[in-house]
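Work through the following exercises with the coordinates open, and try each task before reading its solution.

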Amino acid sequence: MSDTTTAENAQEPRLVTETGIDRRIADIIEPVLIPMGYQLVRVRLSSQNGATLQIMAERLDGTMTVEDCEAISTAISPVLDVEDPVEKAYHLEVSSPGIDRPMVRKSDFSRWAGHLIKCETSILVDNRKRFRGKIISADDEGFTIERDQPAYGEEPRVVIPFTALAEGRLILTDDLIRDALTADKKAKAAQAANENFEDEDSPIN
């Protein structure tokens, strides 16, 4: 199986996607990112500094280096120039999702269980659309949070279906910073070990 096919099979669809011009840009760049082994997190065109096109992406293991950002920028710039989805000049900014990251895939909720999140839903869930609390668990249908400040009469825990999720983001805490740095260190160590194994396994001409 080729690396490209492996990357495509490993891609997990996003629960939260863009609309309008942001969606158009996402549709243009995502086919470029997938064969490179990256997954798109978010696209946002803002009026910052005239116009800024922010692309958030990451490797499948959740890591993202400065070199990764440069590689993505180099790969997508020519495609964006050809398709020309933005009618005015803009500044391209490629970055990692950050520690207090947007939550856009089901696996994000499993990976960061035990941490605080704030989210909004597109429909009423337990008579609310805004939630804040600790992720207790996640399955294929949705995720459970324990509210940090439940109102009178509210159950401490609420199950939010993924189909209702409109937006979600981790809340920055000391525990989150510690766990994010640990996860990043482990992922990079695994990458280095895999690269060493491939070098040792390569045929000698």
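The exercises below concern a predicted model and take up strand pairing, burial and salt bridges in turn.

**Exercise 1.** Determine which strands pair with β2, and in which sense.

*Solution.* Begin with β1 (residues 38-46), which runs antiparallel to β2 and is joined to it by eight bridges; within this pairing, Gln54 of β2 is the bridge partner of Arg44. Five residues lie between the two strands of this hairpin, and among them Asn49 adopts a positive phi near 55°. Turn next to β3 (residues 91-95), which pairs with β2 in the parallel sense over five bridges, with Met56 standing opposite Ser95. The connection from β2 to β3 passes through helix α3 (residues 66-83), and this β-α-β crossover is right-handed.

**Exercise 2.** Decide whether β2 is largely enclosed or open, and give the reason.

*Solution.* Buried means under 20% relative accessible area. Seven of the eight residues of β2 (residues 52-59) are buried, so the strand is largely enclosed by the rest of the structure.

**Exercise 3.** Compare the surroundings of the two partners in the salt bridge between Asp68 and Arg59.

*Solution.* The side chains meet at 2.9 Å, N to O. Asp68 has a relative accessible area of 3% and is buried, whereas Arg59, at 28%, is partly exposed.

**Exercise 4.** Find which residues form one network with Arg128 and Glu154.

*Solution.* Start from the salt bridge between Arg128 and Glu154, at 2.6 Å, N to O; Arg128 lies in strand β5 and Glu154 in the loop between β6 and β7, 26 residues apart. Following salt bridges that share partners then adds Asp126 and Arg147 to the network.

Technical notes:
Residues are numbered from 1 along each chain as its sequence is written. This is a predicted model: local features need pLDDT of at least 70, side-chain atom pairs count only at pLDDT 80 or more; totals for chains, interfaces and linings use all residues. Side-chain values use heavy atoms; hydrogens and water are left out. Buried means under 20% relative accessible area, exposed over 50%, partly exposed in between (1.4 Å probe, protein chains only). Helices (H or I, at least four residues) and strands (E, at least two) are DSSP runs, numbered from the N terminus. Two strands pair if DSSP finds at least two bridges between them. A crossover is right-handed if, with the strands pointing away from the viewer, the path from the first strand over the helix to the second runs clockwise. A salt bridge is a side-chain nitrogen of Lys or Arg within 4 Å of a carboxyl oxygen of Asp or Glu.
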